[in-house]
Amino acid sequence: MGPYIPIMVLVAAVGLPSSPVFGADEAILKPRVPIGQIEEARTWINPLPATEETIEKGKKLFRGKAFCVTCHGKDGKGFGGDIEPGTLKGPLPRNFTDKEWQSARTDGELFWILKNGSKGTAMAPFIPLILTEEEAWQVLRYVRSFATEEQGAGR
Ligand code: HEC
């Protein structure tokens, strides 16, 4: 027999899922920007048009110096089913090809995440240490391109 460890200590050490009431989809669609800041974040608009050139710049950053690709994958689907939930701290990376998720978020909310990260998850802040604001808008044009078949994954 091993040493006796009270069960409450184990629960406290491992932690409990943050929102057991939500199903997978609802948990993903739930806004990530705190309630007190979301109204302002939603007013931020991507100043860069969705041209081939901008998307290409965003793709270079995504796969290059901003290393988004290491967690979000070339196909934008994140680790998907490849990784056991709980291996990463917090929820898994997004599936960027999910149109429902794409339409649930404004550009401003995504920009807020790049500035502040998503608390309690592996998604860290990238502005200003790794990305300038302009580069962040470029990378978000690329993130948006995963929503359309022709762009994103296959490009
Ligand atoms: C270390 C792993 C990691 C890296 C590197 C990373 N992400 Fe994430 N990202 C995550 C995780 C995990 C989530 C899910 C967070 C959540 O559920 O709140 C996420 C979520 C997101 C979201 C969605 C937030 C939302 O509102 O639903 C966006 C957009 C995003 N990442 C963009 C990027 C971009 C762009 C980069 C590169 C500049 C990047 N990420 C780099 C792990 C990462």
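A polar contact is a pair of N or O atoms within 3.5 Å; within protein, one must be able to donate a hydrogen and the other to accept it, and residues adjacent in sequence count only if both atoms are side-chain atoms. The model is predicted, with local features needing pLDDT of at least 70 and side-chain atom pairs pLDDT 80 or more, while totals for chains, interfaces and linings use all residues. Residues are numbered from 1 along each chain as its sequence is written, and side-chain values use heavy atoms, without hydrogens and water.

The table lists contacts between the ligand and side chains.

| Side chain (N or O atom) | Ligand atom | Distance |
|---|---|---|
| Arg32 | oxygen | 2.6 Å |
| His72 | nitrogen | 2.8 Å |
| Arg94 | oxygen | 2.6 Å |

Around the ligand are 24 residues (near means a heavy atom within 4 Å), and Cys68, Cys71, His72, Ser118 and Met123 come nearest. This shell holds 17 nonpolar, four polar and three charged residues; Ala, Val, Leu, Ile, Met, Phe, Trp, Tyr, Cys and Pro count as nonpolar, Asp, Glu, Lys and Arg as charged, and the others, Gly among them, as polar. At least two shell residues come from each of α5 (69–72) and α7 (107–116); helices are DSSP runs of H or I with at least four residues, numbered from the N terminus.

The pLDDT, the predictor's confidence in each residue from 0 to 100, averages 82 over the protein, and 72% of the residues score at least 70. Residues 10–23 have a pLDDT below 50 and five contacts (heavy atoms within 4.5 Å) beyond near neighbours in sequence. For residues 151–155, the pLDDT is also below 50, with 15 such contacts in the model.
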